[in-house]
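Student: Could you pick one part of this model and take a close look at it with me? I'd like to see how its residues sort themselves out, and then how that fits into the rest.

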Amino acid sequence: MSISSAPSPLPQFSDRLGAFLDRHAAILVTVLIILAAQWRLVIGQGVVGGDPDRMYIPFKAELHRAYAAGRLPHWSPHFGLGVPLLAESHIAALYPPNWLMFRWCDAVPGYHTNLLVHYVFMAVGTFVYVRTLGGSRWGAALAAVSFGLCGFLAIHASHEPFTLALAWMPWALAITERFARGGSWLWAIALAVVLAVQLLVGHFQMQFFTIGLVIIVGGWRIVQQGASRTAALARVLGLCVAAALAGGLAAPQLLPT
């Protein structure tokens with residue numbers, strides 16, 4: 001009489017875990033480095049003084065108050081003689097991540113968490129963009145860390161819109177690369193949505209840089225693909241249409257502003 005026993009699941013789990021780590025080690029290391037570098041945001045601290053204390057956090061307090069009451073912050077009597085906050089792009093009242101962050105979080109923890117999430121989102125987007133261009137995993141990790149911790153972001157750490165808007169730039173460029181290769185209108189629509197969400201951050205400086213890069217870099221990559229003149233022109237036109245559509249999608253913020 002023999003007694004059979006089921007194989008232990010531990011070796012299988014170990015093999016799967018090893019395969020997962022081997023495949024995703026670069027992106028995991030990237031995220032860990034960003035979190036380590038932004039450790040003050042991780043523990044709930046951030047830049048003290050300057051624009052955050054004078055403008056961004058007070059704005060987010062109004063945003064939290066409005067969201068908690070189930071409304072948009074159309075007007076606030078708490079700044080000067082009153083401010084039409086929906087028209088003030090810095091508050092980013094229509095920016096989708098703010099709906100979740102400041103509906104459930106007070107201004108200060110929500111502000112710090114929002115920045116931290118966007119630092120990570122930016123690094124992951126850079127990683128994806130470099131991989132889309134054909135870079136190696138560790139090359140993409142190096143690029144992601146370099147961009148996510150660059151001097152521009154360090155010197156503008158007190159300017160929330162720059163961080164939030166830049167987080168969308170590598171994603172827009174990655175989608176542009178996909179569109180340049182195949183010309184699928186699904187990628188053009190995805191690009192329009194990403195650009196529209198970026199516009200809803202407000203301030204608009206980084207957004208116009210991004211749109212310019214999308215058209216210039218995208219056009220260059222389309223020419224490099226060696227498509228026919230008609231196909232290349234159609235794809236370049238597609239980039240312009242995506243940018244215009246983004247403006248239309250963001251019109252509820254752009255028009256009041």
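Tutor: Let's take helix α4, starting from its open side: Leu100 and Trp104 are exposed there. Exposed means over 50% relative accessible area, buried under 20% and partly exposed in between, with a 1.4 Å probe and protein chains only. Bear in mind that this is a predicted model, where local features need pLDDT of at least 70 and side-chain atom pairs count only at pLDDT 80 or more, while totals for chains, interfaces and linings use all residues. Residues are numbered from 1 along each chain as its sequence is written, and side-chain values use heavy atoms, leaving out hydrogens and water.

Now turn the helix around. α4 runs over residues 96–104, and its buried residues are Asn98, Met101 and Phe102. These three sit on the same side of α4 because they cover an arc of only 80° around the axis, the arc being that of the directions from the helix axis to the C-beta atoms. The general background is that an α-helix has 3.6 residues a turn, so residues three or four places apart point the same way. What lies over that side? The cover of the buried residues includes α3 (50–68) and α5 (107–132), with contact meaning heavy atoms within 4.5 Å.

Zooming out, α4 belongs to a protein with 13 helices and zero strands; helices (H or I, at least four residues) and strands (E, at least two) are DSSP runs numbered from the N terminus. Of the 257 residues, 44% are buried. Among contacts with a separation of 6 or more, 68% join residues 24 or more positions apart.

The rings are worth a stop too. There are five aromatic pairs, where rings of Phe, Tyr and Trp (its six-membered ring) pair if their centres lie within 6.5 Å; planes under 30 degrees apart are stacked, over 60 edge-to-face and the rest tilted. One of them is Phe152 with Phe162, stacked at 5.9 Å centre to centre and 15° between the planes. That pair links helix α7 (residues 151–155), which holds Phe152, to helix α8 (residues 160–166), which holds Phe162, 10 residues apart. Phe152 is partly exposed at 34%, whereas Phe162 is buried at 8%. Phe179 and Trp185 are edge-to-face, since their centres lie 6.2 Å apart with the planes at 65°. Here Phe179 is buried at 1%, while Trp185 is partly exposed at 47%. Finally, Phe121, Trp168 and Trp171 form one aromatic cluster.
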